[in-house]
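Here is a walk through one protein chain, taken a piece at a time. Keep the structure open as you read.

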Amino acid sequence: MFYMQMVSEIFSDIVKKYGLKEKTIRENVKAFVSSNYVLIIAIGHFEVDVWYSTKDELPVIYDCSNFFAEAFDDSDRDGLEKAEDAKTIIKNELTVISKGLVSKWNNVLEGDTQWIEIYIKSLWYSKFSQPDIDSTIFD
């Protein structure tokens, strides 16, 4: 649960600015829920994944990690700590994702879904079913 607290802290400005609700799905998986989409942060051993779905598409989820990351730049990586352990690696990744979502993907955070058409045609397109995340997350 340590990482979930870190996610909450790093994404707190996004939660406030975009009016999202925070929900813990399971250990190391946290959802940020709007009225029409869910953005999910899943933490692995040395990586962070970003998943996305709309209210109508759940339990189908898009794995947008690489698609979003492709747009991140040096300004999103500014101020990172020297990564010498897993905790710092994860913290740095979360920081870059948080900054990058705001600076490059604010349309996603605002609820726009037009970007999905571009994503589907991209090299990074990937979707999967996650039965334990369904439309009840919006309740």
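Where is Asn28 found? Asn28 sits in the loop between strand 1 and strand 2. Bear in mind that this is a predicted model, and that goes for the details below too.

## Asn28, a loop residue worth a look

Asn28 has a positive phi of about 70 degrees, although it is not a glycine. For context, most residues other than glycine have a negative phi, and most peptide bonds are trans.

Is Asn28 buried or exposed? Asn28 counts as buried because its relative accessible area is 18%, and the cut-off for buried is under 20%. Leaving out residues up to four places away in sequence, Asn28 touches Tyr3, Met4, Ile41, Ala42 and Ile43. Tyr3 and Met4 are among the buried residues of helix 1, and Ile41, Ala42 and Ile43 are buried residues of strand 3.

## Strand 3 and its partners

Now follow the chain into strand 3 (37–43). Here 7 of 7 residues are buried. Tyr37, Leu39, Ile41 and Ile43 point one way, while Val38, Ile40 and Ala42 point the other way, and all of them are buried.

Strand 3 has strand 2 (29–33) as one antiparallel partner, with 5 bridges joining the two. Val29 stands opposite Ala42 in this pairing, and the hairpin formed by strand 2 and strand 3 has 3 residues between them. Strand 4 (48–54) is another antiparallel partner, joined to strand 3 by 7 bridges. Ile43 has Val48 as its bridge partner there, and 4 residues make the hairpin connection from strand 3 to strand 4.

## On to strands 5 and 6

How many bridges join strand 4 to strand 5? There are 2 bridges, and the strands run antiparallel, with strand 5 covering residues 60–63. Trp51 is paired with Asp63 in strand 5. These two strands form a hairpin too, with 5 residues between them.

Pro59 is in that loop between strand 4 and strand 5, and a cis peptide bond with omega of about 10 degrees joins Leu58 and Pro59. Beyond the loop, strand 5 is joined antiparallel to strand 6 (residues 127–129) by 3 bridges. Tyr62 has Lys127 in strand 6 as its bridge partner.

## Two nonpolar cores

In soluble globular proteins, nonpolar side chains tend to be buried together. In this model, the largest nonpolar core has 34 residues, and the ones that touch the most other members are Phe11, Ile41, Phe68, Leu94 and Trp115. Elements giving two or more residues to this core include helix 1 (2–10), helix 2 (12–18), strand 3, strand 4 and helix 4 (86–104). A second, separate core of 12 residues includes Ala31, Ala42, Trp51 and Phe138.

Ile41 is a good residue to zoom in on. Setting aside its neighbours within four places in sequence, Ile41 contacts residues including Val7, Phe11, Phe32, Val48, Leu94 and Ile97. Helix 1 adds its own view of the packing: Tyr3, Met4, Met6, Val7, Ser8 and Ile10 are its buried residues, and the elements they pack against are helix 2, strand 1 (21–26), strand 2, strand 3 and helix 4.

## The largest pocket

Which residues line the largest pocket? The lining is made of Glu47, Val48, Asp49, Val50, Ser65, Asn66, Ala69, Phe72, Glu93, Val96 and Ile97. Strand 4, helix 3 and helix 4 are the elements that give two or more residues to it.

About 160 Å³ of space lies in this pocket. By class, its lining has 6 nonpolar, 2 polar and 3 charged residues. Val48 and Ile97, both in the lining, are also among the contacts of Ile41.

## Thr88 in helix 4

Thr88 lies in helix 4. Why does Thr88 count as buried? Thr88 counts as buried because its relative accessibility is 11%, and the cut-off is under 20%.

Not counting residues up to four places away in sequence, Thr88 touches Glu81, Lys82 and Ala83. The C-alpha atoms of Thr88 and Lys23 are separated by 23 Å, and the two residues are 65 residues apart along the chain.

How values were computed
Residues numbered from 1 in each chain as written. Predicted model: local features only at pLDDT ≥ 70, side-chain atom pairs only at ≥ 80, totals over all residues. Heavy atoms only, no water. Pairing = 2+ DSSP bridges. Core = buried A, V, L, I, M, F, W, Y, C linked by side-chain atoms within 4.5 Å. Buried < 20%, exposed > 50% of the residue type's maximum accessible area, 1.4 Å probe, protein only. Contact = heavy atoms within 4.5 Å. 1 Å grid on protein atoms, 1.4 Å probe; cavity = no way out; pocket = protein on both sides within 12 Å on 5 of 7 lines; lining within 4 Å. Points joined across faces, edges and corners; volume = space filled by probe spheres on them. Nonpolar A, V, L, I, M, F, W, Y, C, P; charged D, E, K, R; others polar.
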